[in-house]
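Q: I'm new to this one and would like a close look at a single part of it. Could you walk me through the aromatic rings and what surrounds them?

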Amino acid sequence: MKIISITGTASGVGKTTIAQFLLRHFFDLSALKITTKHEGNCTRQSDCDVCDTMAYPYKITVDPLQINQPGKDTALFKSAGARKVVWLQTHSECLRMGIEEALSYFDKGNLVLVEGNSFLHTHNASLSILVTTAREPKIKRSTKQIISKIDLAVINKYKDDTSIDIMKTQERLYRIGCHVPVFIINPFLENYTPNEVFLNHIREIVGQPIQSL
């Protein structure tokens, strides 16, 4: 099994957007979404409800009715083209065990995209991608803890980002020890050469045919 890990420097940097982008361009890619229970106040400010409803150490969901709920990341992954989607909801102390069981829902020959920083805290990936953006300078502690496992970084570029904005973002990555290739892409643009360079780099790593630019 080959695993592509999608992590982020902070919430709102575009992890899900990059995940969808890859799912649209890799027809044989499946997806695992990891949601970890927070102790105390949630910093995500999201409506995942995990912390309120988790009665067991972890829960694995494959039911299409739950996976395809409007507004859920799992539904976005499925609509973007994921062959199979698994959702792991887990308490932090059961993370390793939950991931091991969640991965068992995929075939050994699958190419699996995993979205969530927590995966790299207990496992290694075939390719680890760190997502950031010029619009969010914050860098989470959980990101700094896994920075040594990152293989490449993506700056999620918006139309009005300036070259200075991008340069400052690259400097932030460097300061936290992220000394890896950095790709500056815009997932919403079609026929955009930097996007194709990024995709071909991933194809080369996972052993898929390179497409001409």
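To start with, are Phe21 and Phe198 buried or exposed?

A: Sure, and keep in mind that this is a predicted model. Phe21 and Phe198 are both buried. Two aromatic pairs turn up here, and Phe21 with Phe198 is one of them: the pair is stacked, with 6.4 Å from centre to centre and 15° between the planes. Phe21 belongs to helix H1 (residues 15-25) and Phe198 to helix H9 (residues 193-206), so this pair ties together parts that sit 177 residues apart in sequence.

Now look at Phe183 and Phe198. Their ring centres are 5.6 Å apart and their planes meet at 55°, so this pair counts as tilted. Phe183 is in strand S8 and Phe198 in helix H9, 15 residues apart, and the pair links distant parts of the chain. Phe183 is buried, and so is Phe198. Put the rings together and you get one aromatic cluster made of Phe21, Phe183 and Phe198.

Where does strand S8 fit in? There's an open sheet of eight strands, with mixed pairing, in the order S3-S4-S2-S5-S1-S6-S7-S8. Strand S8 (182-185) is an edge strand, as is strand S3 (58-61), and each pairs on one side only. From one strand to the next, the twist averages 20°.

A couple of other rings have a charge for company. The charged end of Arg203 sits over the ring of Phe26, 5.5 Å from its centre. Likewise, Arg135 has its charged end over the ring of Tyr158, 3.9 Å from the ring's centre.

Notes
Residues are numbered from 1 along each chain as its sequence is written. This is a predicted model: local features need pLDDT of at least 70, side-chain atom pairs count only at pLDDT 80 or more; totals for chains, interfaces and linings use all residues. Side-chain values use heavy atoms; hydrogens and water are left out. Two strands pair if DSSP finds at least two bridges between them. Helices (H or I, at least four residues) and strands (E, at least two) are DSSP runs, numbered from the N terminus. Axes are lines fitted to C-alpha atoms, for helices over the stretch in contact, and angles run from 0 to 180 degrees between N-to-C directions. Rings of Phe, Tyr and Trp (its six-membered ring) pair if their centres lie within 6.5 Å; planes under 30 degrees apart count as stacked, over 60 as edge-to-face and the rest as tilted. Buried means under 20% relative accessible area, exposed over 50%, partly exposed in between (1.4 Å probe, protein chains only). A charge sits over a ring if NZ of Lys or CZ of Arg is within 6 Å of the ring centre and within 35 degrees of the ring normal.
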